[in-house]
Structure formats: structure tokens, C-alpha cells
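Q: I would like to learn how to read a structure feature by feature, beginning with its interior and then moving outwards to sheets, backbone geometry and chain contacts. Could you take me through one?

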Amino acid sequence: MSAEVMVKAGLFDCRDAFAATLEAMAAEDPRIAVVVNDSVNSTKTKNFRARFPERFVNVGIAEQNMVGVGTGLANGGMIPFVCGASCFLTARAMEQVKVDLGYGRNNVKLCGMSSGMAYGELGATHHSIEDLAWTRAIPNLTVIVPVDPIETRAALRWARDFDGPVFVRLSRLPVPELLAADYVFQPGRVVTMREGTDVTVIANGVMVVRALEAAEKLAQQGISARVLNASSMAPFDREAVVRAAKETRGIVTVEEASIYGGLGGAVAEILALEHPARMKILGVPGVFAPTGSAEFLLEHFGLTANGIETAAKELLSGMAMG
Amino acid sequence: MVHHAKVGHPGGDLSAADVLVTLYLAVMRLRPTEPGWPERDRFVMSKGHCSASFYATLAEARFIPKDWLGTFMDPLSKLNGHPDKNKVPGVEANTGALGHGLPIAVGCALAARMQGASWRTFVLTGDGELQEGSNWEAAMTAANYDLDNLVLIVDRNRIQQGDFTEKTIRMDPLPEKWQAFGWKVVEVDGHDYDALQRVLAGAPLEPGKPTCVIANTVKGRGVSFMENQPSWHHGVPTDAQLAAAREELLGSGQ
């Protein structure tokens, strides 16, 4: 199915799959609890609160406390899903994420909502483009960026069954269903979305559908692009990166995040040490975004199918000239 | 231990010691041979820098062998300068960054509530530590959720790293602050075992309210040259000072 066909089949806000999965898991397992920072609406947990009020904790606007409370719930045998806008959850509570979750290896599931630049015109205070760099640097913390509603469900179920801290980075930007209904999340593994032999595009989250659209445009021009979904940011699939470097002529990374320390950084670290290769890193280039809607900002920073297509062609033509 | 490691926080160790001993040897329901017993009372040592007296208490309560104490802060020792729950049985939370313990303890108390369990949660903070805002976030949560299965003990030794608390950032009136946040507050002599045991064993002191025990203590308690001296927040005794301190704490006859 082409990316265009998939988009026509329907677009989804992954928060709906997130909320439905939390409720389904809570109905199955009395250990599931939810902690929010007044973010009942933006995390879509109103229904959870109505169905499981005794397992729903609203700490108010207090992110450090929210992550600490999650840690204590885990100590007491619960499986807490600590949910808030990714910008505040990660930045405000980063020391709790480092010490209570990573260092303490506590069984807490952080759910960062509306990450990247989903909040658009609300501005840089509400953008969460540093969260991948911050969380990826913390030992023991699994970092997942689901690509669609199916992977959102799969990642949450995996997180429930995994005994350790997890950060799930979710968006609110609409995406199509890209994975098979029976998909099972595997940490440390990329998902090959499309095979290709000329160039590899490694993307995650809302950028994957754009990468698939770019691959179709490239195919029409005789360029075969491999597309990898790097939903597991930590641990990272080193083998897939090295394989891509060996089997294709260059790698383009695309993330709705800063180009420093995130997906591009992860891939560059692997390439530099294990198999140096040409690459381009697409993302937010070390600036705070100007005012504009999420779609405007993605366009502004070239985080579109056209932007990815252009980057891939530049990479390949640079090599030809090189 | 601090003399051995050549680094540590002896002043706070000594102000907190009597609270720790009372909790572990006279108040909490624990199974030292089964540190993860789900029904155990929880204790969160929020002032993780006072790990020497915490480890000594864990050894006395038989969670860890006493011979571990001689390895305090040695290379690759399980006894880090601040406690690591993944290395030391009986430690509930990795602390050392201040202001983490009370939020964690609130989560523990909520977990007990969700499960209808009867175990209680105790947490010990420093007084200077209360300058971290996360404590007051947690204070509001505890009161809002009526967590009367939670007991906070504040080691009110009135000294922090740089100076006296009241010369740094004024903490008083501390009892009134906690009352205003919706807690039941009681002040005790933090070196009076009987008074501590009575209060800690008796909590909650008011149904529906979390308990705040302000333990008035003396930093460096029991060692005359350390008592009430901000310089002994950090500090390593010399050989002669160690001998003098032993003499004062243990008495010449022991």
C-alpha cells in the first residue's frame, strides 16, 4: 500500500489509541495506575479517571512530584503510567527521570504527550525537541517513539510487561496506520518499512509517513530508498544502521526534534565508530522555532516528504560529484 | 566510617541517628531476611547524604552484614556515598539529590491505599532540604489525598551545608507551614527514644491527615566539638578527634 493510499484510509491521533490501551490494560490488570499533572484533557485520560478513579492520581501542576509519586507507586507494586505534555514532563522533572527512574531502575512508564512541535503556534515553551537527547543519555531508560496507533498500543503493552523505566514519546499530529494489526514492539530493533538499495532514510514518529512518501517520489525517479522506523531510540539497533551503511550509499535521518543528540546523533555515533558513511541529519537545527502551526513549522524546517526527497538526492549527487 | 572514607557528613549522621534507630529497631514492620516483603513498612531516606548512619542502622537491623560498613565508599563498595537500592538490601529509593524522598513516599502511601494494604510509609528529610520546592508539591498531594498512612520526619538540626538554616533561607515558623499545608504536626526531641517511639508508632495522630514529625535535633549530637557546628556538615575527623568522639559517644568504660 502506498503512503498516499494509507493516508486516504484515515488519519489518527495516537493519543486515542494511547487512552484506549491504558483503559484496556487497567481492566485486565489491577496494578495499572495513571498519574497526571492536571493534564486530564491533553492526555485524554478523562475516561480512565471515570472508570478507575481509585487508580488515578492528579498531582496538579507539579512535574517533579509527579515522577516521584510514580516512583513510589512502583515501589508499592503498582505499574504507574505518568502522563503529561512531553515538554514539561521531561524538562521539569529531568532529575527525577535520571535518579528515580534511570539510576533507581524503577518500574515507571513516562508518557510524554504532544511532543516535538505539535503545539505549533503556542511556541518554544511548549515544543519538546530536546527530549530525545535528554532521555537517550540516561542509562536503563528505554525510549520509544511510536509511529502510529498500532505501535502506540504495542509499545504500551510491551512497557507494561517490561520491568523497568520506559519513556514513550507521543504526538498529537495525525498519522495513518502504517504497521500490521498484529505488530509486536521489540526494543533495540528498527522496523523496515520499505526495502531499498540506493539510500536509507531512518525516521521515527510522525516523520516516518513523510519518509515513505519521499521514497515513493524517489522511486519514480529511479532511486531506491530504504525506510527504517527507529521507534526504539534506546536501546538502538546498531546492526541495522551498519547494514544500511554497507548496503546503501548514504543515510538520511529525519526527526521532529533537535538535530543535536537525538536520532541523527544516535546514527552518527554508530557510523563514526563502526562504519563511516555519508549522512544528512534533518530536524530542528539548533534554534527555537518561530511562530507558526505545527504543519507550518515542519515545512519551515524541511521536515516534509519534499525536504527528505531533496536531502536524499543531494546526498547521492554529492557522492557522484565527490 | 567517615574517618575511614575520608569523606562524609558526620554532623547530619549524628543528628539523624536516634530517629533511624527508633524506626528500624522499635517502630517499623520489617523482615530483614526478606527485604522485598510486599507488606513491609517503607522508609525513604531522603537525606541520602547521611548514609553512614543509615548503613550502620541497616547493619544493626540485620539487612546488611556489619563487615560491609568497613568498605564505606571504597572503590566498588556496595556502600556508595549516597544509597543505591539496587546494591543495598533495605534501601527503598536512590537518594542523594535532595527533594526526591517525599514525592516517592507519597507514591508509596498512595500504592498502599490503592491496594487496601495496611503498611505505612515513613520518610526522613533534612530541614535545609525543605528548600527544594518538590517537597511542597508533594506536601500538597499528600494532604489532598488524605494520606494518613504517611509519616514525614524532619531532622530539624537547624544547620545546612553553608550555615545555619535561619541565616540561609529562613525556615521558621516550620510547624505552621506544615499545618497550613494540611498536615498534622507534632514536635519532638529527636534524641528522646521514648518520645520518638510514642509519636512514630502512634501515627496517624489525626485520621485523614498525613503526619509531620519535626524532630528537634542537634547536628553532631554526642560529640562536643561537632555539636551545632556548620563546619561539621561535611568533615572528616582526625585520628585524635575520632578517639575523642568514640570516648564521648561510647564512654570510657566501654
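Q: How many residues does the largest nonpolar core have, and which of them have the most contacts inside it?

A: Please keep in mind throughout that this is a predicted model. The largest nonpolar core has 176 residues, and those with the most contacts inside it are A:V201, A:A211, A:V252 and A:A312. The element that gives the most to this core is α4(B), with 10 residues.

Q: Why does this core lie between domain 1 and domain 2 of chain A?

A: Both domain 1 (3-169) and domain 2 (191-321) of chain A give residues to the core, and it therefore lies between them.

Q: With which residues is A:V201 in contact, leaving aside its neighbours within four places in sequence?

A: With those neighbours set aside, A:V201 is in contact with A:A211, A:A214, A:A215, A:A225, A:V227, A:V252, A:V254, A:I308 and A:A312. Two of these partners, A:V252 and A:V254, lead us to the next element, strand β11 (residues 251-258) of chain A.

Q: Why is strand β11 of chain A described as largely enclosed by the rest of the structure?

A: The argument rests on a count of neighbours, in which a residue is called buried if 20 or more other C-beta atoms lie within 10 Å of its own. Eight of the eight residues of β11(A) are buried, so this strand is largely enclosed by the rest of the structure.

Q: Which strands are joined to β11(A) by bridges, and in what sense do they run?

A: Strand β8 (residues 199-203) of chain A is joined to β11(A) by four bridges, and the two run parallel; within this pairing A:I202 stands opposite A:T253 of β11(A). Strand β12 (residues 279-284) of chain A is also parallel to β11(A), to which five bridges join it, and there A:V254 has A:L282 of β12(A) as its bridge partner.

Q: What is the order of the strands in the open sheet of seven strands in chain A?

A: A general point is useful before looking at the sheet: in a regular strand the side chains alternate between the two faces of the sheet. In this case the order is β2-β1-β3-β4-β6-β5-β10 (chain A), and the pairing is mixed. The edge strands are β2 (56-58) and β10 (232-234) of chain A, each of which pairs on one side only. On average, and with direction ignored, neighbouring strands of the sheet are turned by 20° against each other.

Q: Which helix packs on this sheet, and which strands does it touch?

A: Helix α4 (residues 63-75) of chain A packs on the sheet and touches β1, β2 and β3 of chain A, its direction making about 165° with that of β3(A).

Q: Is strand β3 of chain A mostly covered or exposed, and how many bridges does it form with β1(A) and with β4(A)?

A: Strand β3 (residues 79-85) of chain A is mostly covered, since seven of its seven residues are buried. With strand β1 (residues 32-36) of chain A, β3(A) pairs in the parallel sense over five bridges, and A:V34 stands opposite A:F81 there. Five bridges also join β3(A) to strand β4 (residues 109-113) of chain A, again running parallel. On that side A:F81 stands opposite A:K109 of β4(A), while A:G84 has A:G112 as its bridge partner.

Q: Where are the cis peptide bonds that precede B:P173 and B:P204 found?

A: The general expectation is that most residues other than glycine have a negative phi, and that most peptide bonds are trans. Here a cis peptide bond joins B:D172 and B:P173, with omega of about 0°, and B:P173 is found in the loop between α6 (165-168) and α7 (174-180) of chain B. Another cis peptide bond joins B:A203 and B:P204, with omega of about 5°, and B:P204 is found in the loop between α8 (193-202) and β5 (211-216) of chain B.

Q: Are A:K44 and B:R62, each with a positive phi, buried or partly exposed?

A: A:K44, which is not a glycine, has a positive phi of about 55° and is found in the loop between β1 and α3 (46-51) of chain A. With 20 other C-beta atoms within 10 Å, A:K44 is buried. B:R62, also not a glycine, has a positive phi of about 70° and is found in the loop between α3 (51-60) and α4 of chain B; with 14 other C-beta atoms within 10 Å, B:R62 is partly exposed.

Q: How many residues of chain B are in contact with chain A, and which element gives the most?

A: In chain B, 25 residues are in contact with 26 residues of chain A. The elements giving two or more residues to this side of chain B are α4 (101-115) and α5 (134-144) of chain B, and α4(B) gives the most, with 11 residues. The residues on this side of chain B divide into 14 nonpolar, seven polar and four charged.

Conventions:
Residues numbered from 1 in each chain as written. Chains lettered and ligands numbered in written order. Predicted model: local features only at pLDDT ≥ 70, side-chain atom pairs only at ≥ 80, totals over all residues. Contact = placed C-beta atoms within 7 Å. Nonpolar A, V, L, I, M, F, W, Y, C, P; charged D, E, K, R; others polar. Buried ≥ 20, exposed ≤ 12 C-beta atoms within 10 Å, placed from the backbone. Pairing = 2+ DSSP bridges. Axes fitted to C-alpha atoms, helices over the stretch in contact; angles between N-to-C directions. Core = buried A, V, L, I, M, F, W, Y, C linked by C-beta atoms within 7 Å. Domains from an automatic or database assignment.
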